[in-house]
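Please work through the exercises below with the sequence and the model open side by side. Each task is followed by a solution that proceeds step by step.

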Amino acid sequence: MKKKLLLLLLTLMMTAVLSSVASAADFFRNEDESYTIEITGKTPEKEYSIIVIAGDYTGKDMPEITEENIIYVDQVTADKNGVISFTSFIPMTGSVGTVYIGGDDNASEEGVLMTESGLGYIAGRLISFTGEADTVTVTENIDSIDAAVFGENVKNIIIKNGDIVFAEGAFAQGTKLFLSPLAEKAKAYAEAHNHTYHILGDINGDSMITMDDYFILLTDLGKGDTLDTEEKLILDLDSKDGVTFRDVSILLRFIGGKITDYYEAFTEKDPAMPAN
């Protein structure tokens, strides 16, 4: 068995760069906090391996596999319907890994498994949160969130992606959402599930982002620790380093139509945004 597993790993190393389209995958949370990963569309009775390599190699060649950089590895045989199931899969904490699944007939890169912030995701699908923070930023590369990812300890969630999709029960009741101006799906979800939500930059709460908000931001810029948590999150448009002149620049550029969302990088044509 060990010899066959090593041969499959060699196959993975040689074929992963082909980047075939990933098959449909489902993730089921077990009672012991591990996951079962079930993937359809494989060849019946063929053997497949899953391997997680430390580091983010999405869009890059797969690195050399060593004992030091293997985070997880397993091998199964597809059933008669072409379904493979990896059980007792435990996401990492505080590290980044890239998932590869392949076998006798093909290999496919499934995507980043875990980020340092404790968000566990594969191919844009958020499946777990293992962090302890009460405020969590869901970054732009997350496009869907599974059910029960966030527990009651998470009080505030910042949503950057405008097209993100939520499973029923993605958040505990009482969770407050802080949304990008383009996050219409998140806004609709919040309203349908009675979550309090705020649009980042809509400081006066009139459902519009105008120069009135800009002048309030300028006024509040120097208040620092006297602002409550909710005010800070609404004013901190780039969701880092607190409320700074960078947020002032972002809001003015957004109002002026130079950017369509807060998280766009500035261009050579418009290089004026300060670093902080």
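## Exercises with worked solutions

As a starting point, helix α2 is followed by Asn-194, whose phi is positive, near 60°. The model is a predicted one, and its secondary structure comes to 5 helices and 15 strands. Of the 276 residues of the protein, 47% count as buried.

**Exercise 1.** Determine which residues of α2 are buried, and what covers them.

*Solution.* Begin with helix α2, residues 184-192, in which the buried residues are Ala-186, Tyr-189 and Ala-190. Next, look down the axis of α2: its buried residues fall within an arc of 100°, so they line one face of the helix. Finally, ask what lies over these buried residues; the cover includes the strands β12 (156-159), β13 (165-166), β14 (176-179) and β15 (197-199).

**Exercise 2.** Classify Lys-155 as buried, partly exposed or exposed, and identify the residues that it touches beyond its sequence neighbours.

*Solution.* First locate Lys-155, which is found in the loop between β11 (144-145) and β12. Its relative accessibility is 45%, and because buried means under 20% and exposed over 50%, Lys-155 counts as partly exposed. Then set aside residues up to four places away in sequence, after which the contacts of Lys-155 are Asp-134, Gly-174, Thr-175 and Lys-176. As a last step, compare sequence with space: Lys-155 and Ala-133 are 22 residues apart in sequence, and their C-alpha atoms are 8.8 Å apart.

**Exercise 3.** Find the members of the largest nonpolar core that touch the most other members, and the helix that gives the most to this core.

*Solution.* The largest nonpolar core holds 44 residues, of which Ile-145, Phe-150, Phe-166, Phe-171 and Tyr-262 touch the most other members. Helix α5 (residues 245-255) gives the most to this core, with 4 residues. A second, separate core has 13 residues, including Ile-37, Tyr-72, Ile-84 and Ile-101. To see one of the listed residues of the largest core in detail, take Phe-150 and leave aside its neighbours within four places in sequence; among its contacts are Leu-119, Phe-129, Val-138, Ile-157 and Phe-171.

**Exercise 4.** Establish how far α5 is enclosed, and work out how α5 is oriented relative to α3.

*Solution.* Count first: 8 of the 11 residues of α5 are buried, so this helix is largely enclosed by the rest of the structure. The buried residues include charged names such as Arg-246, Asp-247 and Arg-253 alongside Val-248, Ile-250, Leu-251 and Phe-254. What covers the buried residues of α5 includes α3 (211-220) and α4 (229-235).

Now turn to the packing of α3 and α5, whose axes are 10 Å apart and meet at an angle of about 170°. Since angles over 145 degrees count as roughly antiparallel, α3 and α5 are therefore roughly antiparallel to each other. The contact is made by Met-211, Asp-213, Tyr-214, Leu-217 and Leu-218 of α3 together with Asp-247, Val-248, Leu-251, Leu-252 and Ile-255 of α5.

**Exercise 5.** Decide whether Gly-256 is buried or exposed.

*Solution.* Gly-256 has its place in the segment after α5. With a relative accessibility of 56%, Gly-256 counts as exposed. Gly-256 and Thr-210 lie 46 residues apart in sequence, whereas the distance between them in space is 9.3 Å, C-alpha to C-alpha. To complete the description of this end of the helix, note that α5 is followed by Gly-257, whose phi is positive, near 80°.

How values were computed: Residues numbered from 1 in each chain as written. Predicted model: local features only at pLDDT ≥ 70, side-chain atom pairs only at ≥ 80, totals over all residues. Heavy atoms only, no water. Buried < 20%, exposed > 50% of the residue type's maximum accessible area, 1.4 Å probe, protein only. Helix = DSSP H or I, 4+ residues; strand = E, 2+ residues; numbered from the N terminus. Arc of directions from axis to C-beta. Contact = heavy atoms within 4.5 Å. Core = buried A, V, L, I, M, F, W, Y, C linked by side-chain atoms within 4.5 Å. Axes fitted to C-alpha atoms, helices over the stretch in contact; angles between N-to-C directions. Parallel < 35°, antiparallel > 145°, perpendicular 65-115°, else oblique.
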